[in-house]
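Here are some short exercises to help you find your way around a protein fold. Try each task with the structure in view, then read the worked solution.

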Amino acid sequence: MADVPKILGLPVTYRCDARCAMCSIWLKQKGAAELTPAQIDRFFAEPLIAQNVERLILTGGEPTMRDDLREIARSASTRLKALRDVAFISNGLNFGRVIARITELADVFMEETAVNFGFSLDGLHGTHARVRGVKGAFEKTMRSFREARRLMAGRRNRTVSLGMTISRLNFREARDIHNLAQAEGVRSSFTTANVVDVYLDNADRAGGFALEPEQRLEVAGFFEWLEAREPNFYNRMAARMLRGEARPVGCAARTGALLLDVDGSVYPCGQSRKMRYGNILAEPFEKIWPGENARRVREAILLEECPNCMTNCYPETAEEICAKLEIY
């Protein structure tokens, strides 16, 4: 089998202390089942996972709300033999809890494994608070971010970053967040708010965050501005799509990525419930991944989901994308 899972997205919980306008995760938290550390460990131990996953994305909800996060991280560090880098995403709202978990995770993973602690920032001061639905959210997030940056300073393969999801609620502050990251000495990443029915489950909230046509053009200009300063294949792709072009490149979700949802369901990504491969609580992953249902889903991705998807979750390699965009 040529295709193997190299990128694993793992939302460990739907619990969240934010009330984001472009997300419904926080509405799912009451009574939502969560995989136990033992169940996650058994999944990590599956040969297809243990031998091939190179990148792990730990997210939520707010992942620091799991008291057993260290146990999950230790399992990943032990089981995932090919692991090269870990992306950890937090809202940074609860200073004490967030810093405690980050300190634990920084020590759990081997020094050779690159770990980035990303903080979500959806605008400055009042804008971030409105988008997150939390009073004083900007100050809270920045306090956690700055302490994490201080703790990781000088540590090999430990970095901190800022990330922004651009929507109609904050698009005019994208340059401000980029400039803030520059001033703080960290990298920044940007993506557009997308309507999906898995994971974020936000289709019924789209009217409050989706970009209007004229706003899409303005955001396209931002990505072109960003591309001039930080050449990046996603920036080029986003700018083109915001101007009305079809997605010019494919995605690793088709061949080498997956998302393990909190209830054990397996998807190539969080874009659509129609793309469900199966559930690890019902059958072993070694049967799910090469199964007939997964094959049908992979074929459908190219025709139904990819053309309009603007996420930066896991695009194909830079070389392949640049070639398709005729950059070289």
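**Exercise 1. The sheet**

Task: In this predicted model, work out the order of the strands in the open sheet and name its edge strands.

Solution: Start by following the nine strands from one side to the other, which gives β6-β5-β4-β3-β2-β1-β7-β8-β9. The pairing along this sheet is mixed. Next, look for strands that pair on one side only: these are β6 (188-192) and β9 (278-279), the edge strands. Finally, zoom in on one pair. β7 and β8 (residues 265-267) are antiparallel and joined over two bridges. Here Leu-260 has Val-266 of β8 as its bridge partner.

**Exercise 2. Two packed helices**

Task: Describe how helix α8 (residues 174-184) and helix α9 (residues 213-229) pack.

Solution: Two quantities describe a pair of packed helices: the angle between their axes and the distance between the axes. For α8 and α9 the angle is about 25° and the axes are 10 Å apart. Angles under 35 degrees count as roughly parallel, so α8 is roughly parallel to α9. Now list the residues in contact: α8 brings Ala-174, Arg-175, His-178 and Asn-179, while α9 brings Phe-222, Trp-225 and Leu-226. Sorted by type, the residues of this contact are four nonpolar, two polar and one charged. As a last step, link α9 back to the sheet: α9 lies across β5 (158-166) and β6, at about 155° to β6.

**Exercise 3. One side of a helix**

Task: Find which residues of helix α2 (residues 37-45) are buried, and where they sit around the axis.

Solution: The buried residues are Pro-37, Ile-40, Phe-43 and Phe-44. They span an arc of only 120° around the axis, so they are on the same side of α2. What do the buried residues of α2 pack against? Their neighbours are β1 (7-11), α3 (47-50), α4 (69-79), β7 (257-260) and α11 (285-288).

**Exercise 4. A residue in a loop**

Task: Decide whether Phe-171 is buried or exposed, and find what Phe-171 touches.

Solution: First locate Phe-171, in the loop between β5 and α8. Its relative accessibility is 7%, and buried means under 20%, so Phe-171 counts as buried. Leaving out residues up to four places away in sequence, Phe-171 touches Ile-166, Leu-211, Gln-215, Glu-218 and Val-219. Take Glu-218 from that list: Phe-171 and Glu-218 are 47 residues apart in sequence, yet 8.2 Å apart in space, C-alpha to C-alpha.

Methods:
Residues numbered from 1 in each chain as written. Predicted model: local features only at pLDDT ≥ 70, side-chain atom pairs only at ≥ 80, totals over all residues. Heavy atoms only, no water. Axes fitted to C-alpha atoms, helices over the stretch in contact; angles between N-to-C directions. Helix = DSSP H or I, 4+ residues; strand = E, 2+ residues; numbered from the N terminus. Parallel < 35°, antiparallel > 145°, perpendicular 65-115°, else oblique. Contact = heavy atoms within 4.5 Å. Nonpolar A, V, L, I, M, F, W, Y, C, P; charged D, E, K, R; others polar. Buried < 20%, exposed > 50% of the residue type's maximum accessible area, 1.4 Å probe, protein only. Arc of directions from axis to C-beta. Pairing = 2+ DSSP bridges.
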